[in-house]
Amino acid sequence: METIVNKRPGTGQANLEVFSETLQKLAQFDKDIIVVTSDSRGSGKLVPFAEKFPKQIVEIGIAEQNLVGVAAGIASTGKKVFAVSPACFLTARSFEQIKNDVAYSDNPVNLIGISAGVSYGALGSTHHSLHDFAALRAVNNMIIVAPADNYETEQAITQAAALNQPIYLRFGKKNMPHLLPESNDFQFGKGRIIRNGADLTIIGTGETVHPALQAAERLQAEYGINATIVSMHTIKPLDYELIARLAESGKPILTVEEHSIFGGLGEACASFLMENNYRNPFKIMGIPDEYTVTGSQNDIFNHYGISESGILAAARKLVS
Amino acid sequence: MMTEKELQTKSIEYRKKILKYIYGAKAGHTGGSLSCVDILNVLYNTTMNVGPENIKSADRDRYVQSKGHCVEALFVVLADKGFFPETDLETLCKYKSHYIGHPTKKVNGVEQNTGALGHGLPLSVGMAISAKLDGKDYKVFTLLGDGELPEGSNWEAALTASHYKLDNLCAIIDHNKLQITGKTSDVCNTDPIDQKFESFGWSVKHVDGHDHLQLKAILASMPFEENKPSLIIAHTIKGKGVSYMEDQIKWHHGVPSEEEYTSALQELDHTLASL
Ligand SMILES: Cc1ncc(C[n+]2csc(CCOP(=O)(O)OP(=O)(O)O)c2C)c(N)n1
Ligand SMILES: [Mg+2]
């Protein structure tokens, strides 16, 4: 495989901001778009939305179970509902409402988990969502998406609004670089190849794709190791076709996620590979099963090796 | 027994320290810490039977901070009580520090890990039930924000508390009338809070949450009624003590600039001098 040179067109906004702007663009022409919040419009960057579209926002107060139940009720009447709350509360506190009122009853709510993963840093474990992929993967009728950059976020929100199916989208609040020049290849359930290389594949999702890409560039420059980088923005349904294609060569596969190493992207890939008799060297990077180290998101990423140098080291070990 | 002036002096020192550590960490919940610190002062310095010497005793009084985000107020009071050296707070929110943005049991004196709202009351109900089961006479105190009242878990626990006649339980609402988005009455109106809790079987009293003597007297009078859980609605001002922070949503988690920090300290020193 030849190497695509990443053009790196610079740093973008936080995916959270792109989410809010995209929603405002859509709401202009679509009065059926309704945002439901739980004292979360500030954290969701939705204050401008509330000012421009006061009739298209429903405030619930600090009551996330109620938020999701009410959102499901509104969705049942045919409106396009975005239930917006910190990912940690949205997917833990309201889990039963998600399971029963959204997924099982098939009410097409767009569940928006803001400041996901360890974005809240030193606010600690109450505010981290390291369980959301695992919990929601076990719920039937639920799409799970973690966009990697601004382009993926914009596409994900736009396509979700038109989808009319239960879906969970999560993102963080730090500024994200553009991973590729704008393209039009975003589709739920289809991983995006950000970089091609023949020596190993690194599959990231959400905010971990960027450090994976940085690691890949150093792997090539410093060690002559060529990595393929995939943004696996959709955790479910997982792009089995792409994983199979990448596994064919027998080269190592490394997965990286801002999530517990239990039950997320990595284990989803592993079970597919095992069941289909692929025996590539394989490693899951993420947050281990321990009392999560305290500090900023960066501190936590560095501590667990979800960083340029951490991914680089893990990739080298896996290749050798 | 501390005099009113001593309590007032302590509160001003606490306020200065809250600002110091938030300013140092460049993070924290300023407004809500300033609104609840008089309550914590009175609880820890006049009411509760708890300190570093008996924190492991099964008979100690318990305090659970449901509005965990205002951890800076709690940390400053716990340090003053000698649970840990105050210099520990210089690591607030730093890598590997246990002094993070919410209370955790890794910090001596903290009873429960909180931070997700709507957990303090059920936890406290459990502790109060256990006291009854064991025939112990310790009391359980919990501090809630007014914005967190819409969490259904509070109302479920309110039912349990009256069902089990938990007159060893006292919930305090820091009624500063603000949350993140705006006024609590605009976000999700919970008024009249007193009648709601009374209809759930609680005994309710109102208090000026910045008046140390009133707080002390009312806390000493619990249970307000036999066989009933007690609720104190403490009327407070978010950001209390620093005039430009008072009653402003900006200061929910606003961090003062150097200039703002200096002027806040000046104002507090001025108040201290005029006591
Ligand atoms: C379950 C849950 N939902 C949302 C939040 C985010 N949050 C932290 S503080 C806060 C506002 C709290 O307002 P209030 O209870 O009035 O506290 P205070 O005014 O005393 O700061 C919110 C929404 C949270 N910590 N937990
Ligand atoms: Mg409040």
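**Helix 8 against helix 12, chain A**

I started at a helix contact in chain A: A:Pro211, A:Ala212, A:Gln214, A:Ala215, A:Arg218, A:Leu219 and A:Tyr223 of helix 8 touch A:Glu308, A:Ser309, A:Ile311, A:Leu312, A:Ala315 and A:Arg316 of helix 12. Sorted by class, I get 8 nonpolar, 2 polar and 3 charged residues in this contact. This is a predicted model, so I keep that in mind throughout.

Next I looked up the geometry. Helix 8 spans residues 209-223 and helix 12 spans residues 308-319 of chain A; their axes come within 8 Å and cross at roughly 55 degrees. That makes the two helices oblique to each other, since the angle falls neither under 35 degrees nor in the 65 to 115 band. I noted the crossing of helix 8 and helix 12 of chain A as right-handed.

**Scores**

I checked the confidence before going on. The model has ipTM 0.97 and pTM 0.96. For chain B the mean pLDDT is 98, with 100% of its residues at 70 or more.

**A helix pair in chain B**

How do helix 2 and helix 8 of chain B cross, left-handed or right-handed? I found a right-handed crossing. Helix 2 (residues 30-47) and helix 8 (residues 212-220) of chain B have axes that come within 10 Å and cross at roughly 55 degrees, and are therefore oblique to each other.

On the helix 2 side I listed B:Asp38, B:Ile39, B:Asn41, B:Val42, B:Leu43, B:Thr46 and B:Thr47; they meet B:His212, B:Leu215, B:Lys216 and B:Leu219 of helix 8 of chain B. The class count here is 5 nonpolar, 4 polar and 2 charged residues.

**The 5-stranded sheet, chain A**

Back in chain A, I traced an open sheet of 5 strands in the order 9-11-10-13-14, with mixed pairing. Strand 9 (192-195) and strand 14 (282-287) each have a single partner strand, so one side of each has no neighbour in the sheet. Neighbouring strands are turned by 25 degrees against each other on average, direction ignored.

Inside this sheet I picked strand 10 (residues 200-204) and strand 13 (residues 253-260) of chain A: they run parallel and are joined by 4 bridges. In that pairing A:Thr201 sits opposite A:Ile253. Helix 10 (residues 265-275) of chain A packs on the sheet and touches strand 10, strand 13 and strand 14; its direction makes about 140 degrees with that of strand 13.

**The 7-stranded sheet, chain A**

I then followed an open sheet of 7 strands, order 3-2-4-5-7-6-12, again with mixed pairing. Which strands stand at its edges? Strand 3 (57-59) and strand 12 (234-236) of chain A do, each with a single partner strand. The twist averages 20 degrees from one strand to the next.

Strand 2 (residues 33-37) runs parallel to strand 3 of chain A, with 3 bridges between them. One bridge there pairs A:Val36 with A:Val58.

**Backbone oddities**

Most residues other than glycine have a negative phi, and most peptide bonds are trans. I went looking for exceptions.

- The peptide bond from A:Lys236 to A:Pro237 is cis, omega near 0 degrees. A:Pro237 lies in the loop between strand 12 and helix 9 (240-247) of chain A.
- B:Met222 and B:Pro223 are joined by a cis peptide bond, omega about 0 degrees. I placed B:Pro223 in the loop between helix 8 and strand 5 (230-235) of chain B.
- A:Asp106 has a positive phi, near 55 degrees. I found A:Asp106 in the loop between helix 5 (95-104) and strand 5 (110-114) of chain A.

Terms used:
Residues are numbered from 1 along each chain as its sequence is written. Chains are lettered from A and ligands numbered from 1 in the order in which they are written. This is a predicted model: local features need pLDDT of at least 70, side-chain atom pairs count only at pLDDT 80 or more; totals for chains, interfaces and linings use all residues. Side-chain values use heavy atoms; hydrogens and water are left out. Two strands pair if DSSP finds at least two bridges between them. Axes are lines fitted to C-alpha atoms, for helices over the stretch in contact, and angles run from 0 to 180 degrees between N-to-C directions. Contact means heavy atoms within 4.5 Å. pLDDT is the predictor's confidence in each residue, from 0 to 100. Angles under 35 degrees count as roughly parallel, over 145 as roughly antiparallel, 65 to 115 as roughly perpendicular and the rest as oblique. A crossing is left-handed if the near helix is turned anticlockwise from the far one by less than a right angle, and right-handed if clockwise. Ala, Val, Leu, Ile, Met, Phe, Trp, Tyr, Cys and Pro count as nonpolar, Asp, Glu, Lys and Arg as charged, and the others, Gly among them, as polar.
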